[in-house]
Amino acid sequence: MQLAKPDCVIAPCFGICSQKTTTDPNKDLAIISNKIGLPIIAQKEVADYLDSPFASVTKESGYIDTWDVLIMAKDIMEQNKWHTAVLVAHASHIGRVKKQAAKLGISYSVADNLPDAWDAHSKQWWTRSKGLWILREALARLYLVLIGRL
């Protein structure tokens with residue numbers, strides 16, 4: 001099946017960089033997003049690095065998860081009559097992002113050369129290394145299946 005020409009980029013964050021590191025996967029996600037040349041709907045941690053995001057998604061109550069980012073992105077897409085997005089996410093995160101986007105009915109393609117760096121000092125412990133990610137992701141996916149988000 002041929003996808004329609006993409007209308008925008010959706011870029012959920014990966015971890016929350018601490019001040020102790022120069023490795024921030026969110027900066028890499030912003031660089032890739034900028035190169036695509038479409039309006040960008042990004043989670044705040046990615047949007048902070050963008051030249052000009054179309055929309056920075058966040059909640060006043062604090063942390064939002066991938067599901068929330070995708071719901072907000074879908075609303076923005078519908079408001080702008082956009083039909084297809086390019087997903088830009090960490091290489092270890094993209095599998096879940098794709099499944100959740102599909103569950104929400106978002107038509108997508110995936111950007112090339114997704115980053116796979118880890119921030120050893122991230123405020124989110126599960127984004128500090130691949131081993132920690134695998135452990136947390138296995139539990140998170142089980143939970144997300146049980147609540148109907150995967």
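In the predicted model, a nonpolar patch on the surface is formed by W125, L132, L135 and L139. Together these four residues present about 380 Å² of accessible area. One of them, L132, belongs to helix α5. With a relative accessible area of 31%, L132 is partly exposed; this value lies over the 30% that membership of a patch requires.

Helix α5, which spans residues 130-146, also contributes to the largest pocket of the model, and its five residues are the most that any element gives to the lining. The space in this pocket amounts to about 260 Å³. Its lining comprises 22 residues, among which Y63, D65, T66, R96 and R136 are the closest to the centre of the pocket. Helices α3 (66-79) and α4 (94-103), like α5, each supply at least two residues of the lining. In terms of residue character, the lining of the largest pocket consists of eleven nonpolar, seven polar and four charged residues.

Helix α3 also holds D68. In contrast to the partly exposed L132, D68 has a relative accessible area of 16% and is therefore classed as buried, since the limit for that class is under 20%. Relative to the surface patch, the position of D68 can be described through W125, one of the patch residues: D68 and W125 are 57 residues apart along the chain, and a distance of 20 Å separates their C-alpha atoms.

How values were computed. Residues numbered from 1 in each chain as written. Predicted model: local features only at pLDDT ≥ 70, side-chain atom pairs only at ≥ 80, totals over all residues. Heavy atoms only, no water. 1 Å grid on protein atoms, 1.4 Å probe; cavity = no way out; pocket = protein on both sides within 12 Å on 5 of 7 lines; lining within 4 Å. Points joined across faces, edges and corners; volume = space filled by probe spheres on them. Helix = DSSP H or I, 4+ residues; strand = E, 2+ residues; numbered from the N terminus. Nonpolar A, V, L, I, M, F, W, Y, C, P; charged D, E, K, R; others polar. Patch = residues over 30% accessible without salt bridge, like charges linked within 9 Å, V, L, I, M, F, W, Y side chains within 5 Å. Areas by Shrake-Rupley, 256 points an atom, 1.4 Å probe, with all protein chains shown as cover. Salt bridge = Lys/Arg side-chain N within 4 Å of Asp/Glu carboxyl O. Buried < 20%, exposed > 50% of the residue type's maximum accessible area, 1.4 Å probe, protein only.
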